[in-house]
Amino acid sequence: MSGLKTGLSITGLLVFGTTTSLFAKIVYELQGPDKDGHMQYFTKPWAMTTVMFLGMSFCLPWAYWEEYKHKKQAKEALQSANGDISDPLLYGESLTDDTKETAVVRGNSAKDIFMLAIPTFFDLIATVLMNIGLLSVTASVYQMMRGAEMLFAALFAVSFLHRKLNRMHFLGILCCVIGIALVGTSSLLAGEGSSTHEISPQKMILGMGLIIASQCVQAAQITFEDYFMADLHIEPLKIVGYEGLFGSITMICVLLPLVSLIKGHDGDGLHENSLDTLHMIFHSRPIAIVLLVDMVALLMYNFSGMCVTGALGAVFRTVLETTRTLFVWLVDLLLWYTPLGFGTLGESWSKYSYIQALGFAVLVCGTLVYSRGDEVQSKKDHLEYEAHAAEEGEAQPSMLMPGDTAPMPVAGSQSVAAARPMPVRGTPTSFKSTMNIHPLSASVTGGGLMGRSMARSTSRSMSRDQH
């Protein structure tokens, strides 16, 4: 990837990632007319979950377009180098002048695709919890509280994947716990969960608890994917797209009608009138614009994130995600103290914000320390593997570790060279994890290439990001 494209990808990750995070909260502060003509706040967490999945589903046509271009380029390059050949290149298959292997396409089986419905279920639960929790906290606190994923991901990796944690891992987790405690305390003391209406301390505690619970669900999703889906041969952008498609269908056909039948009031988290939602969207231009921009930003965020991870590695992506959290806070402050926020949007700086800043700094340190622990553990395991292979007389030139997945070329890559493997270890994070501070293990040696598990790191998005 050229320097210009890399720079654009980094800029896109920060700009679109910050946009998705801010707009997820801003839309809750906007008002629109309901069916009875009364002005109501757009407190619609279930609708926002649907918007997120719709934004993710836009990745699907883009993924197939990138695949078509890559196959076409690969076929032309192979025809030029090896003569007439009718089949495109097999992802990850090395071709040399000596072997002159025939290139074939590995298709995505229906079974592999429908396997994605399982992580979609986890993703859906986590996103609903996050969106309900976001009703009661500011965007910056929401971002920082998502650092709890590190704690649960490490816990599940040890419990179910039988991985080992070193001292740096434990130190990173301790920093994570302290940082979250400081951020939560500052939010309660400041008493600011919304810029337009008052949020009670009880609701703020519940909101933060739901966000932390959502990170537990996301960590469970990561563990499931790592254990059961490590050998699934689907490109990362397709994974995001198919999960978005399955999630959109589930929300529109099942959950939105269901929550409309539950008794209650909009904004309490459970009941949500979808007819009111549609009426507000079609009769309030600001709400419609924010939702549309949010969906487009989700698409561009995921694509930019893939390019950054493929070109610069997941550790660099981790640093950018941390920077993104800082940008969310700074822009939120800018909205409050300038006319850009129209006098109603953003969050203020109080004497308790210093505690939040300290908590954020501790969270950043914890993330970097945890990532360093991943690197140390990866090197240690690799040396042990080489020593064992040497003893058995089976030393291989490849650096691929047992249990690691085969690498794939980044979509749209101009090179048809053989893919080089890279070691991937540690607790990965969801590819869509879109707005959080999270541990990303990375020991990247295959420049421009990434293994599937590393590629899925950081959903999540997009998470998830709205994720």
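This tour of a predicted model visits two helix pairs and a loop residue that lies between two of the stops.

Begin by selecting residues 149–160, which form helix H7, together with residues 201–228, which form helix H9; the two pack at an angle of about 40°, with their axes 8 Å apart. Because angles under 35 degrees would count as roughly parallel, the arrangement of H7 relative to H9 is classed as oblique, and H7 passes H9 in a right-handed crossing. To see the contact itself, show the side chains of Glu149, Phe152, Ala153, Phe156 and Phe160 in H7, which meet a set of H9 residues including Ile212, Cys216, Ala219, Thr223 and Tyr227. The residues of this contact divide into 10 nonpolar, 3 polar and 1 charged.

Next, select His233, in the loop between H9 and helix H10 (236–261). His233 has a relative accessible area of 37%, which means that this residue is partly exposed. Adding Ile113 to the selection shows a residue 120 positions away along the chain from His233, with the two C-alpha atoms separated by 9.5 Å.

Finally, select helix H5 (residues 117–134) along with H10, whose axes come within 9 Å of each other and cross at roughly 60°. H5 is therefore oblique to H10, and H5 passes H10 in a right-handed crossing. On the H5 side, display Ala117, Pro119, Thr120, Asp123 and Leu124, and on the H10 side Glu243, Phe246, Gly247, Thr250, Met251 and Leu255, since these residues make the contact. Colouring them by residue class gives 6 nonpolar, 3 polar and 2 charged.

Definitions and conventions
Residues are numbered from 1 along each chain as its sequence is written. This is a predicted model: local features need pLDDT of at least 70, side-chain atom pairs count only at pLDDT 80 or more; totals for chains, interfaces and linings use all residues. Side-chain values use heavy atoms; hydrogens and water are left out. Axes are lines fitted to C-alpha atoms, for helices over the stretch in contact, and angles run from 0 to 180 degrees between N-to-C directions. Helices (H or I, at least four residues) and strands (E, at least two) are DSSP runs, numbered from the N terminus. Angles under 35 degrees count as roughly parallel, over 145 as roughly antiparallel, 65 to 115 as roughly perpendicular and the rest as oblique. A crossing is left-handed if the near helix is turned anticlockwise from the far one by less than a right angle, and right-handed if clockwise. Contact means heavy atoms within 4.5 Å. Ala, Val, Leu, Ile, Met, Phe, Trp, Tyr, Cys and Pro count as nonpolar, Asp, Glu, Lys and Arg as charged, and the others, Gly among them, as polar. Buried means under 20% relative accessible area, exposed over 50%, partly exposed in between (1.4 Å probe, protein chains only).
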